[in-house]
Amino acid sequence: MTHVSKHPLIQREITVLRSTETTSAAFRDALRRVSQLLVYEASADLATHELTVTTPLERTRGHALDRPVILVPVLRAGLGMVDAFLDMFPDARVGHVGLYRNEETLEPVEYYGKYPASLETAVIFLLDPMLATGGSAVAALRLLRARGARDVRLISLVSAPEGARALEAAFPEVPVYTAALDRGLNEKGYIVPGLGDAGDRIFGTGAETR
Ligand code: PRP
Ligand code: URA
């Protein structure tokens, strides 16, 4: 269940994110804007219930979300998506999962985890801009499932077919909302054409970041 957005504004922002001309400051801005658009797409089917609201003129029907929302960014790069989601879900609680890829084996290494209570009743948005081999997303989902999480949606900016397939094989029920599905992975496990190392580009830590 990989939803690839065709929204023109998302495609415009992804182009900014891909460009080597884009500085870290501009990258963070574009990441926030594209995340705001992805929130909209990834939340279109959230269940609501009716309630009564009193306007200055009369009582009428309104709607509220059925279930609480929890955001879980994958450190580091997922942090760049959190504020956009909090703009739309100001009451959301936020968990953090720390994972990095071993650069030789490409296997994810867990180094941090802190999660809110009641994962089992919440709608959880797992935030990570890059779905490459899928190792990190699968590891994060295993950690969430082990703590009772049921309804999890993965929000990614750029995905490789290899990662989408790995996720589908491990968690066929988890929808992925992505801004782009790229050609594949290179010999170092980077998405091509991709946008490089997302964490480095957000935080200005790469040798080539501007
Ligand atoms: C990046 C990215 C994902 C992971 C994707 O993180 O943010 O978490 O790689 O690759 P995968 O699908 O092959 O697992 P990275 O390991 O570079 O850590 P960082 O964000 O701390 O730089
Ligand atoms: N992680 C990234 O940040 N970029 C890639 O292309 C692959 C993994």
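**Exercise 1.** Find out which polar backbone atom lies 2.8 Å from a nitrogen atom of ligand 2, then look for backbone partners of the ligand's oxygen atoms.

*Solution.* Keep in mind that you're working with a predicted model.
- Step 1: start at the nitrogen. The polar backbone atom sitting 2.8 Å from a nitrogen atom of ligand 2 belongs to Gly 196.
- Step 2: move on to the oxygens. Ile 191 has a backbone N or O atom 2.8 Å from an oxygen atom of ligand 2, and a polar backbone atom of Ala 198 is 2.9 Å from an oxygen atom of the ligand.
- Step 3: check these distances against the cut-off. A polar contact needs N or O atoms within 3.5 Å, so the pairs at Gly 196, Ile 191 and Ala 198 qualify.
- Step 4: now see how wrapped up the ligand is. On its own, ligand 2 has 240 Å² of accessible area, and the protein covers 88% of that.

**Exercise 2.** Describe the site that holds ligand 2 and sort its shell by class.

*Solution.*
- Step 1: locate the space. Ligand 2 takes up the largest pocket.
- Step 2: list the neighbours. They are Arg 101, Met 130, Ala 132, Gly 189, Tyr 190, Ile 191, Gly 196, Asp 197 and Ala 198.
- Step 3: sort them. You get five nonpolar, two polar and two charged residues.

**Exercise 3.** Work out whether the chain as a whole is compact or not.

*Solution.*
- Step 1: take stock of the fold, which has six helices and 13 strands.
- Step 2: get the extent. The C-alpha trace spans about 60 × 40 × 25 Å along its principal axes.
- Step 3: compare. A compact globule of 210 residues would have a radius of gyration near 17 Å; the chain comes in at 18 Å, so the value agrees with a compact globule.

Conventions: Residues numbered from 1 in each chain as written. Chains lettered and ligands numbered in written order. Predicted model: local features only at pLDDT ≥ 70, side-chain atom pairs only at ≥ 80, totals over all residues. Heavy atoms only, no water. Near = heavy atom within 4 Å. Polar contact = N/O pair within 3.5 Å; in protein donor to acceptor, adjacent residues only side chain to side chain. Areas by Shrake-Rupley, 256 points an atom, 1.4 Å probe, with all protein chains shown as cover. 1 Å grid on protein atoms, 1.4 Å probe; cavity = no way out; pocket = protein on both sides within 12 Å on 5 of 7 lines; lining within 4 Å. Sits in = over half its atoms within 2 Å of the grid points. Nonpolar A, V, L, I, M, F, W, Y, C, P; charged D, E, K, R; others polar. Helix = DSSP H or I, 4+ residues; strand = E, 2+ residues; numbered from the N terminus. Rg over C-alpha atoms; globule rule 2.2 N^0.38 Å.
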